[in-house]
Amino acid sequence: MNFESLHNHTKDSDGAQTHLEVLAAAEKLGYSVVAFTDHDLVIRPDRLELLRAYKGPVKWISGIEISSGAPSEVVEGGTLHVLGLFVDPTNPELVRHSQELEQSRLVRMEHFVTQLQGLGFTITIEDCLAQADESPVGSPHIVNAIASHPENQAVMDKLLEQMRLAGETDPEVKKRYDYMIKEGERQYPYVLFMKHGSFIPMPKAPSFGTLLDFDKTVAIIRGAGGVAILAHWFFNRETVSKELLEHLVEQKRIDGLETEVVNMISKRDISRDKEFLQKLARTYDLVETIGSDGHDEKDMAEFARSSAAEESIGQTELLITHNKPSLEWSNLAS
Ligand SMILES: [Zn+2]
Ligand SMILES: [Zn+2]
């Protein structure tokens, strides 16, 4: 077994395992390659030292998953995730951007909390920080913080009912409402109020300026020696349409496309989107990557059991041949 996951998270962002725990699980589950792509975070120097000392069979790659703004063509904004694989984690510009993003997460959280309190939810900044447990705070932590107060269920029910009623006269709202119900409870907050495009729109946080426009994000990754991959486009379709994606790919404004992720929470049928992404990549000679987007050992096991794991074999070598990144920030050369 030689599974290769080019998208994994650790405790340093919103994962449950340390870097070495990820490698230990990888060994156990039959992975041969893992890329560390924490949200907006490069591998810290002390972690890098531990990774350099690791002498096991699994190959690791330094990476990052940067939260980015939309391409300049998109007027109404939105966010994207861009993976940077083989990045130099000491690159000053990348490190500086990563620090700015961390700072902006805090400002954003305060903004969210104020908005949510305005909607009637019981939630505090401390709740969110407690959920994040020393990781940078993200939307899932805020969602968990809401869920941690039983009295918030009534507020949630009220909003659900509001949206259902609005859907009776607005087919667009009804479509999104039905989608939300189909996707299950985890999607409720996002469709209802957590996003800029939600039923009750979340006003943009003042710090959103910190999110660079898509091309600038890609430039930072490339500047740090990385290969820039558009992560899980199928989760961000509302930001970039199929047509725009093809345009970006055609203009080589991205180096590759992630065609599939497999973990416990993002379970849904993406087979049609995957075909579309593969076709784009092949038409315009871009690399395709597959990752677990794993946040814990269960996710890693889920990936290992999937058909994607089988397909992932050999992708790292293809990427290296195609994009020729320096292998310095990995153990692939040793
Ligand atoms: Zn992501
Ligand atoms: Zn991810």
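A charge counts as sitting over a ring if NZ of Lys or CZ of Arg is within 6 Å of the ring centre and within 35 degrees of the ring normal. Lys-242 fits that picture here, lying over the face of Phe-276 at 4.7 Å from the ring centre. Keep in mind that this is a predicted model. Beyond that contact, there's a seven-stranded open sheet, a pair of zinc ions sharing Glu-65, and a set of five aromatic pairs.

**The sheet and its helices**
- The open sheet runs in the order β1-β2-β3-β4-β5-β6-β7, and its pairing is mixed.
- At the edges you'll find β1 (3–8) and β7 (287–291), each pairing on one side only.
- On average, neighbouring strands are turned by 30 degrees against each other, direction ignored.
- Strands β2 (residues 31–36) and β3 (residues 59–69) run parallel and are joined by four bridges; Ala-35 stands opposite Ile-61 in β3.
- Helix α12 (residues 297–305) lies across β1, β2 and β7, at about 140 degrees to β1.
- Helix α14 (residues 315–323) lies across β1, β2, β3, β4 (79–85), β5 (227–230) and β7, and runs at about 150 degrees to β7.

**The zinc ions**
- Glu-65 (OE), His-81 (ND1) and His-232 (NE2) coordinate the zinc ion (ligand 1), at 2.0 to 2.2 Å.
- Along the chain, the donors of the zinc ion (ligand 1) follow the spacing E-x15-H-x150-H.
- His-81 sits in strand β4 and His-232 in the loop between β5 and α10 (242–250), so this pair ties together parts 151 residues apart in sequence.
- Glu-65 does double duty: it coordinates both the zinc ion (ligand 1) and the zinc ion (ligand 2), which are 3.5 Å apart.
- His-232 is buried, at a relative accessible area of 5%.

**Aromatic pairs**
- Tyr-31 and Phe-303 have ring centres 5.7 Å apart and planes at 40 degrees, so they count as a tilted pair.
- That pair links distant parts of the chain, with Tyr-31 in strand β2 and Phe-303 in helix α12, 272 residues apart.
- Both rings are tucked away: Tyr-31 is buried at 4% relative accessible area, and Phe-303 is buried at 0%.
- Ring pairs also bring in Phe-3, linking Phe-3, Tyr-31 and Phe-303 into a cluster.
- Trp-233 and Phe-276 make another tilted pair, at 5.4 Å centre to centre with 45 degrees between the planes.
- Trp-233 is in the loop between β5 and α10 and Phe-276 is in helix α11 (residues 271–283), so the pair ties together parts 43 residues apart in sequence.
- Trp-233 is buried, with a relative accessible area of 1%; Phe-276, at 17%, counts as buried too, because the cut-off is under 20%.

Conventions
Residues are numbered from 1 along each chain as its sequence is written. Chains are lettered from A and ligands numbered from 1 in the order in which they are written. This is a predicted model: local features need pLDDT of at least 70, side-chain atom pairs count only at pLDDT 80 or more; totals for chains, interfaces and linings use all residues. Side-chain values use heavy atoms; hydrogens and water are left out. Two strands pair if DSSP finds at least two bridges between them. Helices (H or I, at least four residues) and strands (E, at least two) are DSSP runs, numbered from the N terminus. Axes are lines fitted to C-alpha atoms, for helices over the stretch in contact, and angles run from 0 to 180 degrees between N-to-C directions. Contact means heavy atoms within 4.5 Å. Donors are N, O and S atoms within 2.8 Å of the metal (3.2 Å for Na, K and Ca); water is not among the atoms, so sites may look incomplete. Buried means under 20% relative accessible area, exposed over 50%, partly exposed in between (1.4 Å probe, protein chains only). Rings of Phe, Tyr and Trp (its six-membered ring) pair if their centres lie within 6.5 Å; planes under 30 degrees apart count as stacked, over 60 as edge-to-face and the rest as tilted.
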